[in-house]
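Open the model in your viewer and show it as a cartoon, with side chains ready to switch on. The tour below goes from one selection to the next.

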Amino acid sequence: MKALILCGGRGTRLREVSETLPKPMVPIGDKPIVWHIMKIYAAHGITDFVLLLGYKGDIIRDFFLNYANQSSDVTVDLSKRGEDRLQFHKHQTEDWKVTLAETGEDAMTGARIRRGARYLDGVEHFCATYGDGVGDIDITALVDFHKGHGKTATLTGVYPPGRFGELGTEGGVVASFNEKPQVSGGHINGGFFVFNRNFVDDYLDDREELILEREPMERLAADRELMMFEHNGFWQPMDTPREYSLLNELWAEGQAPWKKW
């Protein structure tokens, strides 16, 4: 199974932390948050990723194209010109396949997934999530839940602050999807989606302005094709400087609930 990660947003609320990095590259500890998200999936055996790039995507490309340089000490023998001029020490390796997919500077979330779907040939189901949130999500249970209910899509419902999309549910089926309500008291959209491959053709198009959380999700809910996987554990986005500090404090103290590897 593949996991698509939305990495194209501008992260305007995090400019106090960094004006030079795209949000998925803002670090928790010494690694960008997108690396932590990928480790969450990899802990459950999903190691084939499509990163949906946009704003400052070249920085994300450089990180993965130079991953060995980024994650180990390096000796450079300047007397040599071939590959043997480099010696990596204590090289941290990951058994990941990473596709760096350009999806447009200004494309919205729905358009990005539609454009990234060109790398989903032969895939029956796929995962997707945002490049700015972590949690102790049981990905294995999430995928099993999705395959078991037979609907088109599953999202992970969580219980944080009320500025995200509130879900109205009836027996686990999402009956309504209200993005960014004024008042929230129930589950909200925590990302960590699983979709059937037909979702791309049936609910998405290539319009630059297509927002996943608006028309596609609302249509899925109206068609009763959207299910919620309830997650009552830790989930935290990195949207603000305060949240950046929180996640880094948890990591530094060895108390990061999402670290299952």
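The stops that follow are in a predicted model.

Start by selecting strand 1, residues 2-7. Is this strand mostly covered or uncovered? Mostly covered: six of its six residues are buried. Now turn on the side chains. In a regular strand, side chains alternate between the two faces of the sheet. In strand 1, one side carries Lys-2, Leu-4 and Leu-6, the other Ala-3, Ile-5 and Cys-7, and both faces are covered.

Next, add strand 4, residues 48-53. Strand 4 runs parallel to strand 1, and six bridges join the two. To see one of the pairings, pick Cys-7, whose bridge partner in strand 4 is Leu-53.

Then add strand 8, residues 125-130. The pairing of strand 8 with strand 1 is also parallel and has five bridges. Select Ala-3 and look across to Cys-127, which stands opposite in strand 8.

Keep the two cysteines on screen. Cys-7 counts as buried because its relative accessible area is 0%, under the 20% cut-off. Cys-127 is buried as well, at 0% relative accessibility. How many disulfides does the structure hold? Zero.

Last, follow the chain out of strand 8 into the loop before strand 9 (133-135) and select Asp-132. Although in a loop, Asp-132 is buried, because its relative accessible area of 16% is under 20%. Which residues should be displayed around Asp-132? Beyond its neighbours within four places in sequence, Asp-132 contacts Lys-23, Ile-33 and Ile-37, along with Gln-236, Pro-237, Met-238 and Asp-239.

Note on methods: Residues are numbered from 1 along each chain as its sequence is written. This is a predicted model: local features need pLDDT of at least 70, side-chain atom pairs count only at pLDDT 80 or more; totals for chains, interfaces and linings use all residues. Side-chain values use heavy atoms; hydrogens and water are left out. A disulfide is a pair of cysteine sulfur atoms within 2.5 Å. Buried means under 20% relative accessible area, exposed over 50%, partly exposed in between (1.4 Å probe, protein chains only). Helices (H or I, at least four residues) and strands (E, at least two) are DSSP runs, numbered from the N terminus. Two strands pair if DSSP finds at least two bridges between them. Contact means heavy atoms within 4.5 Å.
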